[in-house]
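Work through the exercises below with the model open. Each task is followed by a stepwise solution.

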Amino acid sequence: MFPFLVLGTLSSIIVLSLTLFYKMQRLKELNAKVAALKFSLEEMDEQAKLIMRTDIELNKTQEELDKKISGLDSLQKLSHEINTTLEEKQIFNKIDNKYLEQLGFEKAMAFLWKSFERELRLYLNIGYNQDESEKIKTEINLKKDYFLDLIENGLIASSVSSPEGFLAKDKINSLFQVNSFIICPVLTQEGDKGFIVVGTQNTETPLTKGDQELISILCNQIAQTLDNARLFEKTWKSQQELEMKVEERTHQLTSALDEVQKMSKRKSDFISSVSHELRTPLTSIKGYAAILLAGSLGNLPDEIKTKLEKINRHSDELVHMINDLLDIARIESGKVDMKLENLDLKAITEKIFDLLTPQAATKNISFGSNIPDNCQIIQADRSQIERVFINLVGNALKFTPQNGKIGISAHCSNKIIQIDVKDNGFGIPEEAQEHLFEEFYRVDNKINQEVKGTGLGLALIKHIIEAHGGRIWVKSKLGEGSTFSFTLKTA
Ligand code: ADP
């Protein structure tokens, strides 16, 4: 019995020991799990704290961002307002309480340096009464060197980053009766300098770098607008000066033109009366020569007859010249009315060629014409325009050598017809061309010493064409020929 008891007890002890060992193992495992759980909880706690911190940061950033956006929005509106004016005082007047408050300030002042008076003059005052602003202005001008130094160096002073000395935070705060401030320079390319100061008594929301940036943008904007105003002022002034000069010059030119017209009239009147006076004695010279030549006073020796014929011929030339002069004077003074009618250019050309064929035949010169059917009708005074053609073709005959060619051609556009009278004669030197239409001008060359002329033909033609409302000009090359062109109206 005893051995069984011992065995039973032993086996119970073994079972108990094993159970204890197993329990101990479980406890160990549980402890390890608890430790791991604790660690995880601590980590989670840390992360929760981090999330909260980030959330606060984010909110702060969001607030700053909102502030910046609303600041930028106000600044943009204010910039737009400022840009609408070009008058110095008005530029600063555009900054008012409303915009200032939107930017987070309730006080502002602006000063511009007046070099002649050597003072910083007040241009903007928001938030100060008369006495306060006078006091600040005096104080600033007493210490103007500090401010000028700040402006010229383009520096910004503010509660965020304030320099030492007179411009130190506390001193400026007390000068402008604020708790935070920003001073930014206004420097223009045109040489203006000044500064703007904005401030607030608010102590709850401290100023940031962002506020400083916004106000410095505003100052740059004002500087730019001041530059525009100066440029506008300059342009306006020079425009005024220019207008005055133009007016003065117009006045001078009008009087000069008056004078020229008076002189031209005097000249025409003079030519006209002299020509009339010359005509009478010339007629009697011609008359006496004719009587003598007719032999009514007895037969004359051949030598005297030849001389008398010369007198007669020269008298004819003089009459011709006087008539041309009289015509020029009359057309110039508007005494000749151009009787405009529709004329057939082809018919006129043929008539002129017929008239001058004997002259052309002596030099074997050929005529030709090219007048398109669609510009055949000209509006002109028949006898005057025939004179133009006779003169031009006559000149071409005079200044074209043997076997030459003379042509008349035309082309039209927009109811204007251009007629060209072209020859392949001696041509005209370039320097002479601009004088051709002047009265009595003849090219100084060998041909003209041989060929007779008065130098009045082209002057007369020019007057006739201009009285028709047209223009005349020449193109020529020595040795190659000349083309005289003029315009008339077509039907
Ligand atoms: P005039 O023929 O009586 O000299 P004009 O006024 O008709 O006077 O002409 C002025 C000058 O222009 C002429 O002397 C001549 O030198 C030059 N001229 C005119 N027509 C021609 C031409 N077709 N070719 C060359 N020279 C010309």
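**Exercise 1: Polar contacts of the ligand**

Task: find which polar side-chain atoms and which polar backbone atom lie close to oxygen atoms of the ligand, using a cut-off of 3.5 Å between N or O atoms.

Solution.
- Step 1. Start at K398: a polar atom of its side chain is 3.0 Å from a ligand oxygen. The model is a predicted one.
- Step 2. Go to R442. Here a polar side-chain atom and an oxygen atom of the ligand are 2.7 Å apart.
- Step 3. Turn to the backbone. A polar backbone atom of G457 lies 3.3 Å from an oxygen atom of the ligand.
- Step 4. Add the cover. The ligand alone exposes 520 Å², and the protein buries 97% of that area.

**Exercise 2: The shell around the ligand**

Task: describe where the ligand sits and what surrounds the ligand.

Solution.
- Step 1. Locate the site. The largest pocket holds the ligand.
- Step 2. Count the shell with a heavy-atom cut-off of 4 Å. There are 20 residues around the ligand. N395, R442, N448, T454 and L458 are the closest.
- Step 3. Sort by class. The shell has 9 nonpolar residues, 8 polar ones and 3 charged ones.
- Step 4. Assign the elements. At least two shell residues come from each of α10 (382–398), α13 (457–467) and β12 (481–490).
- Step 5. Rank them. α10 gives the largest share, 3 residues.

**Exercise 3: Positive phi outside glycine**

Task: place N364 and N403 in the fold and state the phi of each.

Solution.
- Step 1. Take N364. Its phi is positive, about 55°, although N364 is not a glycine.
- Step 2. Place N364. The loop between α9 (345–362) and β7 (366–370) contains it.
- Step 3. Take N403. This residue is not a glycine either, yet its phi is positive at about 60°.
- Step 4. Place N403. It belongs to the loop between α10 and β9 (405–413). α10 also supplies residues to the shell around the ligand.

**Exercise 4: Domain layout**

Task: give the bounds of the domains and the separation of their centres.

Solution.
- Step 1. Read the bounds. The domain assignment puts domain 1 at 32–256 and domain 2 at 341–490.
- Step 2. Take the centres over C-alpha atoms. Those of domain 1 and domain 2 are 78 Å apart.

Note on methods: Residues are numbered from 1 along each chain as its sequence is written. This is a predicted model: local features need pLDDT of at least 70, side-chain atom pairs count only at pLDDT 80 or more; totals for chains, interfaces and linings use all residues. Side-chain values use heavy atoms; hydrogens and water are left out. Domain bounds come from an automatic or database domain assignment. A polar contact is a pair of N or O atoms within 3.5 Å; within protein, one must be able to donate a hydrogen and the other to accept it, and residues adjacent in sequence count only if both atoms are side-chain atoms. Accessible areas come from the Shrake-Rupley method with a 1.4 Å probe; for residues, only the protein chains shown count as cover. On a 1 Å grid over the protein atoms alone, a cavity is a set of points where a 1.4 Å probe fits but cannot get out, and a pocket is an open set with protein on both sides within 12 Å along at least five of seven lines; lining residues have an atom within 4 Å of a point. A molecule sits in a cavity or pocket if more than half of its atoms lie within 2 Å of its grid points. Helices (H or I, at least four residues) and strands (E, at least two) are DSSP runs, numbered from the N terminus. Ala, Val, Leu, Ile, Met, Phe, Trp, Tyr, Cys and Pro count as nonpolar, Asp, Glu, Lys and Arg as charged, and the others, Gly among them, as polar.
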